[in-house]
Amino acid sequence: MGRNLIMLGTAILVVSLLAIIIIGFLSGMSNPVPWIALLILVVVVLLHNKLVKRNYLSWKDSYSVGIESIDSDHKKLIHLINNLQTAIDYKTDKQFEQQTLAEVIDYTKYHFQREEDLMEKNKYADFVSHKAQHEIMIEKVTTLARGYENDESGAIEALLMYLKSWLINHINHTDQEYSGFLLSKGVK
Ligand SMILES: [Fe+2]
């Protein structure tokens, strides 16, 4: 079932429950129907919030590479990706979607450059292969973003999924590999 259909179904359910609650209570507080509807409404809202929250990334201390500037970049990237999630979830206008996407891509490039400068300057042995991973990521994101600009169905969702899984996987594994080395070089 598509995301739009789920959102429409939830909206119809909430409006119907609200109507049952209002009409039910108008007919008397002893009527059990509006109370049951109220209970269902609370469960629906809690469930919806839980599902929505699951789509958002959150920073974990285990993601830290021990270098303040890099951790701060990763936190900012998580924040920007979550902004894109909000833009998609709440179907804001396309201009906002494009703007949040551009912010993610621009900051990712800025961050990669910062990381690469640190690795190169400190003669990190795996610099070339790490840089290659960055380049492959940018290439993939650029291709998906082109699909989005060409109004390909599901392109923005695919792009968001890729950004989320790539970022978490990368900061959790590949970035951890340079952590000890750069820290031993005095990078803070
Ligand atoms: Fe990296």
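Domain bounds here come from an automatic or database domain assignment. The structure is a predicted model. On that assignment the protein is divided into domain 1, residues 3-54, and domain 2, residues 61-184. Between the C-alpha centres of domain 1 and domain 2 there is a distance of 38 Å. The side-chain features discussed below are taken in turn: salt bridges, charges over rings, aromatic pairs, and one histidine.

The structure holds three salt bridges. One of them joins Asp73 and Arg114, whose closest N and O atoms are 2.9 Å apart. Asp73 lies in helix H3 (residues 68-89) and Arg114 in helix H4, so this salt bridge ties together parts that are 41 residues apart in sequence. The two partners can be told apart by accessibility. Asp73 has a relative accessible area of 0% and is buried, whereas Arg114, at 28%, is partly exposed. The cut-off for buried is under 20% relative accessible area, with exposed set at over 50% and partly exposed in between, so the value of 0% places Asp73 in the buried class and the value of 28% places Arg114 in the middle one.

Another salt bridge is formed by the side chains of Asp151 and Lys94, at 2.6 Å from N to O. This pair also links distant parts of the chain, with Asp151 in the loop between H5 and H6 and Lys94 in helix H4, 57 residues apart. Asp151 counts as exposed because its relative accessibility is 58%, while Lys94, at 33%, counts as partly exposed. The backbone of Asp151 is also of note: its phi is near 60 degrees, a positive value in a residue other than glycine.

A positive phi also appears at Lys123, which is not a glycine and has a phi of about 55 degrees. Lys123 is found in the loop between H4 and H5. With a relative accessibility of 70%, Lys123 counts as exposed.

A further salt bridge is that of Lys131 and Glu135, with 4.0 Å from N to O. Here the partners belong to one helix: they are four residues apart in helix H5, and therefore separated by about one helical turn. Lys131 is partly exposed, with a relative accessible area of 30%, and Glu135 counts as partly exposed at 46%.

Lysine side chains also take part in contacts with rings. Lys94, already met as the salt-bridge partner of Asp151, lies over the face of Tyr148, at 4.7 Å from the ring centre. Lys140 is placed in a similar way with respect to Tyr162: its charged end sits over the ring, 5.7 Å from the centre.

Ring-to-ring contacts come next. A pair of aromatic rings is described by the distance of the centres and the angle of the planes. A search of the whole structure finds six aromatic pairs. Among them is the pair of Tyr124 and Phe181, which is tilted, with 5.4 Å centre to centre and 40 degrees between the planes. Tyr124 lies in the loop between helix H4 (94-121) and helix H5 (127-149), and Phe181 lies in helix H6 (residues 155-184), so the pair ties together parts that are 57 residues apart in sequence. Tyr124 counts as buried because its relative accessibility is 9%. Phe181, at 26%, counts as partly exposed. The pair is part of a wider arrangement, in which ring pairs link Tyr124, Tyr178 and Phe181 into a cluster.

Which residues does His130 touch, leaving aside residues up to four places away in sequence? Its contacts are Glu115, Met119, Tyr124, His170, Thr174, Asp175 and Tyr178. Two of these, Tyr124 and Tyr178, are also members of the aromatic cluster with Phe181. His130 itself is placed in helix H5. Its relative accessibility is 2%, and it therefore counts as buried. With one of its neighbours, His170, the side chain of His130 makes a polar contact of 3.2 Å.

Conventions
Residues are numbered from 1 along each chain as its sequence is written. This is a predicted model: local features need pLDDT of at least 70, side-chain atom pairs count only at pLDDT 80 or more; totals for chains, interfaces and linings use all residues. Side-chain values use heavy atoms; hydrogens and water are left out. Rings of Phe, Tyr and Trp (its six-membered ring) pair if their centres lie within 6.5 Å; planes under 30 degrees apart count as stacked, over 60 as edge-to-face and the rest as tilted. Helices (H or I, at least four residues) and strands (E, at least two) are DSSP runs, numbered from the N terminus. Buried means under 20% relative accessible area, exposed over 50%, partly exposed in between (1.4 Å probe, protein chains only). A charge sits over a ring if NZ of Lys or CZ of Arg is within 6 Å of the ring centre and within 35 degrees of the ring normal. A polar contact is a pair of N or O atoms within 3.5 Å; within protein, one must be able to donate a hydrogen and the other to accept it, and residues adjacent in sequence count only if both atoms are side-chain atoms. Contact means heavy atoms within 4.5 Å.
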